[in-house]
Amino acid sequence: MIKFLKRFYLVIVLLFLYLPIAVLIIQSFNAGVSRAKWEGFSLKWYQELLQSPTIMEALYVTFTIAIIASIASTILGTLAAIGIHAMSRRPQAAMMTMTNIPMTMPDIVTGISLMLLFIFTRVERGYFTMLLAHITFDTPYVILSVLPKLREMNRHSYEAALDLGATPGYALRRVILPSVRPGIITGALLAFTLSLDDFTISYFTTSPLVQNLSTLIYSETRKGVKPTMNALSALMFVALLILLLAVNYRSTKTSEAK
Amino acid sequence: MKKALALLLSLMLLMIALPVALAEEVVNVYNWEDYISEEALEMFSEETGIAVNYMRFTTNEDMLVQLRTSTGAFDVVFPSDYVIERLIAEDLLAPINFDNVPNSVNTVDWLSNPAYDPDSLYSVPYMWGTVGILYDTTRVNSPIDSWGALFSGEYKGEVFMLDSIRDTMGLALKYLGYSMNTRDPAALREATDLLIKQKQDGVVKAYQVDETKDKMVASEAILAVAWSGDAQYAINLNENLSYVVPKEGSNVWVDAMVIPVTAKNKENAEKFINFMSRPDIAQLNCEYIEYSSPNQAAIELMGEEYQTNPNLNPPQEIIDNCEFFNDINDFLTIYNTLWAQVKNAK
Amino acid sequence: MSSLNMPQWGVWLFALGLGGAIIFLGMSIRRHHGVHRSLFSWPYSLWIAVFTVVPLFLVAFYAFTDKAGQLTLENFANFWDSNREMKQQLIAMGYDPIVMGMGERGTVNVDTLVYSLWMALMCTGICFVIGYPAALFISEREFKLGPTLIVLFIIPMWMNFLLRTVAWMTLLEDNGLINTLLQRMGLGRVRLMYNSQAVLLGMVYNYLPFMVFPVYNALSRQDYKLSEAAMDLGADKWRTFSRVTFPLSLPGIVSGITMVFMPSVTTFFIPRALGGGNTEMFGDLIERTFLTADNWNVGSALSLIMMLLILLSMGLLRKVDPEGEGGSLL
């Protein structure tokens with residue numbers, strides 16, 4: 001009985017979480033524009049989606065920025081994590097504080113402070129500034145994913161490699177990187193999803209000309225979101241779901257192989 | 001590994017370079033949300049070979065901030081009358097070379113030398129309209145003809161107000177018998193108190209801007225303050241709706257095309273303005289967004305149905321009863337402060 | 001815009017920040033006599049200097065100066081009294097605000113801050129009440145589906161946050177799905193939207209996974225033998241939970257609270273979408289001050305106050321959870 005109640009509770013909470021998403025996906029197949037009325041099944045919003053240059057451009061901006069920002073922040077963050085790990089106590093604490101600040105700062109303050117920077121330095125806001133902003137907020141998450149793995153690693157294996165004649169670069173590639181790889185992958189994925197979903201920081205660091213999906217949706221929310229947006233998010237949702245399942249499948253496979 | 005990395009790097013570079021490589025002859029247009037026919041934009045690019053970077057804003061105030069902070073990002077902007085007045089005063093607009101805009105002769109007489117741009121040096125009118133009340137005829141108790149319906153408490157919790165400072169303060173001033181451009185702080189105080197009381201009485205359902213029209217189509221409220229074109233759009237989709245310019249008078253406004261001094265493609269901007277003033281294009285836009293056209297030739301093209309629509313072409317006495325907004329730059333702090341009081345009243 | 005013209009000394013300070021970072025680097029190179037591994041972090045240090053430290057300095061700069069770039073505390077006075085600038089303007093125009101009944105202190109900013117904190121607290125509390133049992137049930141050892149279920153809690157966050165909020169609008173509107181359903185059942189309509197309860201619902205919906213996840217992490221990492229030992233020693237279920245399981249999950253709770261509370265204080269967009277713009281939260285206030293009222297100095301002061309508040313509450317939470325379990329999402 002108690003067991004049933006527990007399950008029931010979880011089902012209710014999950015229902016709460018998935019209700020709006022289900023609504024969104026169902027709406028994307030609605031033939032009419034109205035949000036509340038069902039006017040028959042149709043794929044026309046999916047068709048319209050593919051023909052909308054505005055949405056396609058926003059999609060391009062969103063994905064290229066997410067890809068470039070996650071790659072850049074993974075490189076930057078992994079190097080930083082290795083460096084921070086090797087630091088003595090005090091600089092390490094200082095670096096960690098610096099890393100934590102952007103993470104705890106409200107998005108809106110991060111966005112505004114970066115906007116002030118770009119305006120002050122007379123850098124025209126747009127694609128490039130949005131990219132810089134994304135790298136900035138992604139990197140701390142990479143560091144925090146990689147650091148625990150570094151802590152788990154044997155402290156002396158790097159020194160041992162050096163003693164055995166490896167160059168620092170070789171030791172880095174052959175000793176450190178392989179053992180922190182799971183952390184790097186987690187960090188990269190986290191960075192990717194974060195920048196895919198970001199709205200607030202993008203909103204302040206871009207000009208009205210360069211829109212990513214979030215800022216585009218934001219301007220659409222003012223006049224009523226078109227069902228094409230629902231179609232798009234339904235597609236992205238399914239794509240991410242498949243990605244996740246694939247990653248999960250692979251990781252169970254590799255753990256079985258071990 | 002190295003090859004993969006090199007491939008990745010070149011891919012990255014390509015991605016960054018691509019938007020740049022696509023750059024050709026462009027014009028950067030900054031217009032209101034949902035305020036142009038996409039078809040007109042495509043036709044412009046097709047005929048002139050100039051690509052349009054089309055950007056949108058929601059309120060004049062938001063647009064001003066962007067205009068000042070993203071210098072050089074815009075070639076054609078569509079501000080309202082009183083904002084144009086301020087932009088001219090601040091030397092932020094470039095005079096238009098009217099040799100490149102021959103179609104500007106189509107502008108109706110009463111807007112050819114408007115108060116906000118007395119010598120018509122900087123702007124070409126794009127659309128005009130009024131502010132009024134859009135209401136659900138099946139749910140009102142009596143015909144609506146006064147701003148008072150918004151304040152009486154008769155339609156408690158069923159009123160959408162505009163989340164736009166000048167419009168909302170302006171209608172409260174009008175209801176109280178003041179000018180919308182009053183420079184009397186006591187009148188502004190009175191208007192603010194009226195709006196605060198309206199909110200505290202639970203009359204207001206929401207403060208919003210562009211959401212109103214679709215929500216009214218879905219019968220989300222009984223009364224809504226709306227711009228004439230949005231009202232017409234909603235009426236076309238829901239025959240129970242009707243629009244009225246209250247008897248106390250209201251605001252008549254013009255949105256015009258201007259070129260900022262910082263524009264990088266001034267000639268393209270002039271081509272764009274000229275194209276949008278061409279009668280058939282003005283007609284296309286007007287029929288798409290359903291506001292009133294200031295283009296005489298387009299009005300003639302659109303025929304009787306448009307010309308006799310009282311929402312879009314109100315009789316002269318209604319227009320005469322309405323006011324244009326003047327720029328009241330020195331009252332900006334006062335307006336912003338009072339408006340914040342309204343928005344935060346509980 | 002006048003606030004763009006930073007005076008000379010501002011530029012110098014800006015350069016100083018950059019220079020400081022470089023000197024710090026140089027010193028650490030010297031200390032370690034050549035290439036040490038800690039140098040791998042220098043690109044990041046430089047990045048942080050340019051994109052975190054300098055921008056924060058700029059916010060502070062605007063917060064402590066007026067439009068002419070003169071050092072001042074006025075912006076904080078304007079925060080305390082939101083009518084202050086208006087009163088000054090009136091006096092400058094020759095009116096007496098007190099005679100006009102406009103002399104009182106404006107409480108808009110302070111009220112908004114208090115309201116935001118209150119909403120954030122409520123949101124955190126509700127997330128905890130809903131989220132903790134959920135995390136507890138999922139983490140139970142005999143529950144084989146647990147690891148899969150926790151993923152189900154994260155997936156909704158992939159849907160764009162704005163769209164999820166708009167979807168709630170569809171559900172809650174007067175003619176929305178829920179009301180249509182209620183009407184079909186003959187129950188009549190209920191006003192579900194355009195009030196702060198709807199805003200709260202939107203916030204809880206958006207931040208609930210941030211509570212469930214860290215708590216689940218803390219619970220599932222616990223050594224189950226501990227609670228078994230407690231049971232073996234005669235503790236009943238409730239005692240085991242209150243004396244063993246719950247205290248051991250505290251770090252997870254703390255990071256959950258952090259991850260819900262921090263972003264919810266500055267929530268913006270949700271009040272406008274679900275609350276009908278009837279109430280403003282601090283995030284909206286900051287946005288409006290910058291982007292509509294065009295008042296960068298006061299806007300920066302607001303941001304700074306926000307940040308100090310967050311850092312303060314972070315510090316408090318740190319005391320409870322010195323290890324800093326937070327941020328272990330995914």
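**Entry 1. Chains B and C**

I began with the contact between chain C and chain B, in which 28 residues of chain C meet 27 residues of chain B. I took two residues as in contact if their C-beta atoms, placed from the backbone, lie within 7 Å. The model is a predicted one, in which local features need pLDDT of at least 70 and side-chain atom pairs count only at pLDDT 80 or more, while totals for chains, interfaces and linings use all residues. Residues are numbered from 1 along each chain as its sequence is written, and chains are lettered from A and ligands numbered from 1 in the order in which they are written.

On the side of chain C that touches chain B, I found that helix H4 (84-92) and helix H5 (108-139) of chain C each supply at least two residues. H4(C) provides the largest share of that side, four residues. Helices (H or I, at least four residues) and strands (E, at least two) are DSSP runs, numbered from the N terminus. By class, I noted ten nonpolar, eleven polar and seven charged residues on this side of chain C. Here Ala, Val, Leu, Ile, Met, Phe, Trp, Tyr, Cys and Pro count as nonpolar, Asp, Glu, Lys and Arg as charged, and the others, Gly among them, as polar.

**Entry 2. Chains A and C**

I then looked up the contact of chain A with chain C, which takes 61 residues from chain A and 67 residues from chain C. The elements giving two or more residues to the chain A side include helix H1 (2-27), helix H3 (53-86) and helix H11 (227-257) of chain A. H1(A) gives the most to that side, with eleven residues. I recorded a division of the chain A side into 47 nonpolar, ten polar and four charged residues.

**Entry 3. Domains of chain B**

The domain assignment of chain B gives domain 1 (24-128 + 254-313) and domain 2 (129-252 + 322-344); such bounds come from an automatic or database domain assignment. Taken over C-alpha atoms, the centres of these two domains of chain B are 26 Å apart. Their contact draws 19 residues from domain 1 of chain B and 17 residues from domain 2 of chain B. On the side of domain 1, helix H4 (81-89) and strand S4 (123-136) of chain B are the elements that give two or more residues. Of these, I noted H4(B) as the source of the largest share, five residues.

**Entry 4. Domains of chain C**

For chain C, the assignment gives domain 1 (2-72) and domain 2 (108-320). I found eight residues from domain 1 of chain C and six residues from domain 2 of chain C in their contact.

**Entry 5. Cys127(C)**

I located Cys127(C) in helix H5 of chain C. Is Cys127(C) buried or exposed? Cys127(C) is buried, because 27 other C-beta atoms lie within 10 Å. The term buried requires 20 or more other C-beta atoms within 10 Å of the residue's own, with exposed at 12 or fewer and partly exposed in between; C-beta atoms are placed from the backbone. Not counting residues up to four places away in sequence, Cys127(C) touches Val204(C), Tyr207(C), Leu208(C), Met211(C) and Val260(C).

**Entry 6. Confidence**

I closed with the scores: the model has ipTM 0.85 and pTM 0.86. Chain C averages a pLDDT (the predictor's confidence in each residue, from 0 to 100) of 83, and 87% of the residues score at least 70. In chain C, confidence is lowest in helix H1 (residues 8-31), at a mean of 64, and highest in H5(C), at 94. Over residues 1-7 of chain C, I read a pLDDT below 50.
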